[in-house]
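Reader: Hi! I'm new to this one and would love a quick tour. Could you put it up so we can look at it together?

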Amino acid sequence: MQANELLQSYIDDYFEAVDRLGYDGVKARQEGRFASLADGAAGIAYAHWHVARQGGREDLLEGAERWIGWAWESRHDGPAFFPQAGGAKRDLLHGAFLFGQLGLCFARLLIARAGGRQRQAGRALDDFVARCRRPGGSTALFEGSAGMLQATTLLLHLTGDERLLDLGCELAARLRREAAPLDGRPIAWTAAPGPALAHGAAGVLLAMLSWYRASGSPAPPAVSAQVDLLVDGALRRPQRLCPRPSLLASLCNGLTGVAVLALEAHAVLGGTRYLAAARRAAELALEDLPPRPDLCCGRAGVAAVCRSLAALDPAGPWRRHAVELTLSALLCEPGDYEVSGLYGGEAALPCLAADLLAGTPGGLPALVWPLAGAASDACLPRLVREAS
């Protein structure tokens, strides 16, 4: 069987199996975290939406609505997002993009728009904006205000709704205010320690660059300088980026995340040095592939980066790597995943498979818009003002 046939067969089998499992089955097989984008039903709903949009599979929209409906019914259930839902985790529930309730609003908006339910989409956008404007919380990409800005950027790409312009400017200004510059070293952000993507400075810089790309605003020189410090430092001393060898090639804490940041910097700041840095980070990740198959910590994350590189460097080996890594991940058994969503679970794989079949530039599901050659669902707005 050829690679494309395997990818298509996997997509069909995945949706048949997950819909047969149902929400009760997801809840029964994992400890908490069964509603979020990263780990649960909202991620499965997003996968239905993504493949429906990417592959012309309108039949999957009904499944998307069913899964996001189940997740939405659990929005007040703390353990549906965090097994230990008390204390500091309680503060993350409303505003964490990949792990909290904000991700439900995001996915609900996309699915409602796809189904032509504009009133529900409007309510979801109102809820999304209100959650992003609540004070406090982390600045991290996966759980804090950088994630809010990244989600706002994605929605701006997909909807062109001008209400998101003001929100994005506010969130970018919030992140700039919370920076704590250190002489000759990457900025440390409040409640986002370390350099890595998921919870550290790389994620905040990614969100800011993505916002400048979507809105048409110029990136301040200080952002470029900070990207240089972080990327150069990570490539010189990868072990300082991630002391845990098992995560050194990961998206969340390792070199794959550095490649994602460098690719975004290439798209926003231009030149060849960032593309060269992304290639090098991907090469290092490929030398020591993660044992896990998932997007957050495993081979699917490396596959997604290789797919993005293939669009920018078509003469390179990147598409072959993307196909091989995707196939190696999708051949794993469902039992190899502790959770069910996009980042910790299997739901990213039908998205990656559909991207490969469609020949699109890739990106990261529900996190990074494709970098080249992809048309938006809506015309992007003109150059917008910088937040004061």
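Author: Happy to! This is a predicted model. Let's begin with Cys351, which counts as buried because its relative accessibility is 0%, and under 20% is the cut-off for buried.

Reader: And what about Cys306, buried or exposed?

Author: Cys306 is buried too, with a relative accessible area of 0%.

Reader: How many disulfides does the structure hold?

Author: The count is 0 disulfides.

Reader: OK, switching to helices. At what angle do H2 and H5 pack?

Author: About 30 degrees, with the two axes 10 Å apart. H2 covers residues 41-55 and H5 covers residues 101-114. H2 is therefore roughly parallel to H5, since angles under 35 degrees count that way.

Reader: Which residues make the contact there?

Author: From H2 you have Ala42, Ala45, Tyr46 and Trp49. H5 brings Leu104, Phe106, Ala107, Leu110, Ile111 and Ala114.

Reader: How many of those are nonpolar, polar or charged?

Author: The contact of H2 with H5 has 10 nonpolar residues, no polar ones and no charged ones.

Reader: Nice. And the handedness of that crossing, left or right?

Author: H2 passes H5 in a left-handed crossing.

Reader: Let's move along the chain. How do H15 and H16 pack?

Author: Their axes are 10 Å apart and the angle is about 145 degrees. H15 spans residues 318-330, and H16 spans residues 348-358. The crossing of H15 past H16 is left-handed.

Reader: Who's touching whom in that pair?

Author: On the H15 side, the contact is made by Arg319, Ala322, Val323, Thr326, Ala329 and Leu330. On the H16 side, the residues are Leu349, Leu352, Ala353 and Leu356.

Reader: And how does that contact divide by class?

Author: For H15 with H16, there are 8 nonpolar residues, 1 polar and 1 charged.

Reader: What lies in the loop between H15 and H16?

Author: One residue to look at is Gly341, which lies in that loop. Gly341 is buried, with a relative accessible area of 0%.

Reader: What is Gly341 in contact with, leaving aside its neighbours within four places in sequence?

Author: Quite a list: Leu37, Ala38, Asp39, Gly40, Gly43, Glu346, Ala347 and Ala348.

Reader: How many residues along the chain separate Gly341 and Asp39?

Author: They are 302 residues apart along the chain, while their C-alpha atoms are separated by 3.8 Å.

Reader: Thanks, that gives me a good place to start!

Terms used
Residues are numbered from 1 along each chain as its sequence is written. This is a predicted model: local features need pLDDT of at least 70, side-chain atom pairs count only at pLDDT 80 or more; totals for chains, interfaces and linings use all residues. Side-chain values use heavy atoms; hydrogens and water are left out. A disulfide is a pair of cysteine sulfur atoms within 2.5 Å. Buried means under 20% relative accessible area, exposed over 50%, partly exposed in between (1.4 Å probe, protein chains only). Axes are lines fitted to C-alpha atoms, for helices over the stretch in contact, and angles run from 0 to 180 degrees between N-to-C directions. Helices (H or I, at least four residues) and strands (E, at least two) are DSSP runs, numbered from the N terminus. Angles under 35 degrees count as roughly parallel, over 145 as roughly antiparallel, 65 to 115 as roughly perpendicular and the rest as oblique. A crossing is left-handed if the near helix is turned anticlockwise from the far one by less than a right angle, and right-handed if clockwise. Contact means heavy atoms within 4.5 Å. Ala, Val, Leu, Ile, Met, Phe, Trp, Tyr, Cys and Pro count as nonpolar, Asp, Glu, Lys and Arg as charged, and the others, Gly among them, as polar.
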